[in-house]
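Subject: Handing over the structure

Dear colleague,

I am passing the structure on to you with this email, and you will find it just below. Please look through it once before you read my notes.

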Amino acid sequence: MKKSLLLLLAMLLSVSILVVACGGDGDEPADTDPDTDEDADGADEDTDADEADEEDEVSQEDAPQGGTVTYGFTQPFAGVFDIAHYGGQDDSIALNIMTEGLVGTDDELLPEPNLATWEEDGTTITFNIEEGVYWHNGEELTAHDMAYTWQVIAHPDYTGTRQSNVAMIVGAEEVMNLEDYDAEPTHELEGVNVIDDYTLEVEVTSVAPNTLLNLWTNPIPSAHYEGIAVADLEESDEVRRNPVGLGPFQVTNIVPGEQVEFEAYEDYWQGAPNLDGVVYRIIDGEMAGELVQQGEVDIIDVPPSQAVDLEGADGITLEEIEALSYSYIGFKLGHWDGEQNVMDNPKFEDVRVRQAFAHAIDRQGIIDAFSEGYGTVINAPESVVSWAFPDESTLNQYEYDTDRANELLDEAGFEDVTGDGFRENADGEEFTVNFMAMSGSDISEPRATYIVQNLQEVGINAGLQDGQLFEFNLFYDLVEEDDADIDLFMGAWGLAADPDPTGLWRTDDFWNFPRWVNEESEELIERGLSEEAMDIDYRAEVYQEWHQLVNEELPLIPLNSPVDVYAINSEVGGVTVGVRDATDDAHLWYREQ
Amino acid sequence: MLLYTLRRILIMIPILIMISIVVFSLALAMPGDALSGQIDPANTDPQYVEQMREQLGLNDPVHVQYARWATGVLQWDFGRSFNHRMPVTELIGERLPNTILLSVMSLMITYVLAFFMGRYAGRHPYTPGDYGIQGLNYLMLAIPSFVAAIFAIFIFSFQFGWFPSTGSVGSGLEAGTWDWWVSKIHHTALPALVLGGLTTASYTQFLRNDIIENAQKDYVRTARAKGTPEGTIYNKHILRNSVIPIITLFGFDIASIIGGAVIIETVFTYRGIGELLISSITNRDYSVVTAITLMLSVATLVGNLIADLIYGVVDPRIRVE
């Protein structure tokens, strides 16, 4: 169950997402091809996929027409089918099948044109919207829809969580703070200028390299929602029972929490889909692998433990993709004083001790033993997918090496003075380490125990905090309030397309859980968002430097970047496993009859 | 009788108040709240989370929160689901038909199985057939329902392919049509079989023992002496008397069936109240958890009342004053 939360969080919509807390499992969501260049022509190690992808490239007419494909997911959906309001991945998969945004992301997580092209000129962004794109209710997509969307999100009654994605538009803050306002989204934002039906100009408050990724660019149907007050939108039948989108499939039937049925939208702007329909169906995660084999589900993200059983199974193609997330073990270095982080915990202040811990933990062994090898050891807190992932050769590798760990601890003065088999700290005092981990999956406990044993092997008196694992909510509650018993904690973050570390790493970020404060890091993060950083090479260099700093200082030990595995029925082709789910280009899906 | 009923209903009021306090405080005692999963710096920020907590009243003292909630409940307002973003009553209303269908089907299965097995075992006590039925009963009583559910899915869905293993209805069907109902019942059949099958044991034993006991009674001896055929004695005279206690069990069963459905629905991903309860607990969706728990408590109380009343109706010798 916890995983799903992760999923929800991690996958939260589109470009706007920065970072999300995840449960500590290797099987979180997220997806993106490890080797991004290969993505276009399919996973090359997989011949089935290759054939499939080649076929889409040839042309749509060559693909078999008709049939239905079932897309599976393991958590019931909330049913908020509006892209500006939905909360989790449960709803976003359905939304991604039925609608699209102006801007997409490419294989390297950089913005790419979808329904619109754009020009950035200082603080002004001009969108040129594609002509002839129609909503499922027959209305044409225009610049007014996008302007309406921003008005909804900036409206004081708006019930979703995306205000931060419009806050950079000039005049948005004013509308958000209106005391006296209309219940419907009628308040124009000063910085939005609709030039004609297909041209839209937006003025933002400041120049930043990630504006386009942070700005909300997923339109909602203004004509369909006409006359509905913003406060009532997420509850309206227009959202919950007959939602309207721009994508290749339109909703025909919704069984709450259980399935959504779609039929092909013949007027889809990129051409009519190959399939007659798609069913989005919720199933029990424990049975995911079996259900694919039974043919009840055609496309689903399966956890590594089930993926192993499906390898070589008849009629199933497995597609792997590196997740847009990473897991880590954090050191508690200080506390949150209500305003900012204060790094005042002396326990791990010696960087050699932190480095020794990294050497003591068998990170590859953890992936092999508990995630069936699906994952990559990383030394920087970033997904290997991202263009900002640093050059590993410049980073200290912290390979599993107990001798090196012992050496570092000796150097730091952590020696066994009392002769009880465990080291004391530099002052000769007892040194015990509480390790806190989340429960939630069958591998949680053995994995946590294994890490504790790793530490004990180098003479650290480590143990599971209170001798147990903690449930997701309790875990984050305790980590957030810097519970005095926590020394080490194992968590995970889902990431956004943009690599900016703000939100998780700044001095004034509440979610900077290690409570790490470093001036150089502050400065680098600021430089990464400066005007000079509009040049992506410069920005990549800044992040490279920042990752080297983190790698040296090690406020947390990055564990791995997990791999997501999709099980796909071999009869189904044209599926592209994408950054967030496998719904990209659903109009190209086909089924061999 | 009327007086008795009124008195029972009056007594239920303080019990309900106490239950509501317990339910509410236990829900609040769960670590975390609906917002503690929302750690997502891009879409939200810590200030937003704090602001939402304030707005939802999660920072108020417990008694203030309870008073607000109880006032709402009295006006049939159970609050809003934070996760599903809709009123709880509407959400439960969406799921309730599924659970009712499952419960009715499983009750029917229980009654049919128990009736035939109990009748056979009661008429032929201490024979291999009777021992076989008893053995089967104890086995079903001993198997945890989730284990039975997984076996049932493995055997009937995966091996034989007779029943679908997940969901409550197939796709491509229009609600209310004949095909839709067939699909619905087809999807409900397997969970109902597991749920109904496992509760058969107590009914069967009840019926069997009652038949054996009745068979020793004077009126049966009289009937035998008059030369009434054995079949008529059992099917007409004894069975009529023995079925009475079974009927009264129905009242007690209302709540236990829904309780059992919690596990079965989760395993079968069958969207009903039970599955909703479990997922709401995981997501700390308090308003839903308290509403469903309260609903189950009321069902138990009302079920007991019904059971007591039916006693009086079917057996005039029992007079409640």
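The notes below go through each chain in turn.

Please keep in mind throughout that this is a predicted model.

Chain A

In chain A there are 16 helices and 23 strands, and 57% of its 593 residues count as buried. Of the contacts in chain A with a separation of 6 or more, 69% are accounted for by residues 24 or more positions apart.

A good place to begin is strand β6 of chain A, which runs over residues 124-129 and whose side chains alternate between two faces. Ile125(A), Phe127(A) and Ile129(A) point to one face and are buried, whereas Thr124(A), Thr126(A) and Asn128(A) point to the other face and are not buried. On the β5(A) side, β6(A) pairs in the antiparallel sense with residues 116-121 over six bridges, and within this pairing Ala116(A) stands opposite Ile129(A). The hairpin made by β5(A) and β6(A) has two residues between the strands, and Gly122(A) takes a positive phi near 60° there. β6(A) also pairs with strand β8 of chain A (residues 199-203), again in the antiparallel sense, over five bridges, and in that pairing Ile125(A), one of the buried residues of β6(A), has Val202(A) opposite.

Strand β12 of chain A (residues 299-302) is covered on both faces, with Ile299(A) and Asp301(A) on one side and Ile300(A) and Val302(A) on the other, all of them buried. Its partner is strand β21 of chain A (residues 556-569), and the two pair in the antiparallel sense over four bridges, with Val565(A) as the bridge partner of Val302(A).

β21(A) appears once more around helix α11 of chain A, which covers residues 363-370 and in which Arg363(A), Ile366(A), Ile367(A) and Phe370(A) are buried. Why do the buried residues of α11(A) line one face of the helix? Seen down the helix axis, they fall within an arc of 100°, and therefore they line one face. What covers these residues includes β17 (375-377), α13 (444-457) and β21 of chain A. After α11(A) comes Glu372(A), which has a positive phi, near 50°.

Chain B

Chain B has twelve helices and two strands, and read along the sequence these follow the pattern α-α-α-β-β-α-α-α-α-α-α-α-α-α. The C-alpha trace of chain B spans about 85 × 55 × 35 Å along its principal axes, and 34% of the 321 residues are buried. Among contacts in chain B between residues at least 6 apart in sequence, those joining residues at least 24 apart make up 71%.

Chain B is divided into domain 1 (2-87) and domain 2 (96-318), and the centres of these domains, taken over C-alpha atoms, are separated by 33 Å. To the contact between them, domain 1 of chain B gives 22 residues and domain 2 of chain B gives 16 residues. On the side of domain 1 that touches domain 2, α1 (2-29) and β1 (80-81) of chain B each supply at least two residues, and the largest share, ten residues, comes from α1(B). By type, the residues on that side of domain 1 of chain B divide into eleven nonpolar, eight polar and three charged.

With best wishes

Terms used:
Residues numbered from 1 in each chain as written. Chains lettered and ligands numbered in written order. Predicted model: local features only at pLDDT ≥ 70, side-chain atom pairs only at ≥ 80, totals over all residues. Buried ≥ 20, exposed ≤ 12 C-beta atoms within 10 Å, placed from the backbone. Contact = placed C-beta atoms within 7 Å. Pairing = 2+ DSSP bridges. Arc of directions from axis to C-beta. Domains from an automatic or database assignment. Nonpolar A, V, L, I, M, F, W, Y, C, P; charged D, E, K, R; others polar.
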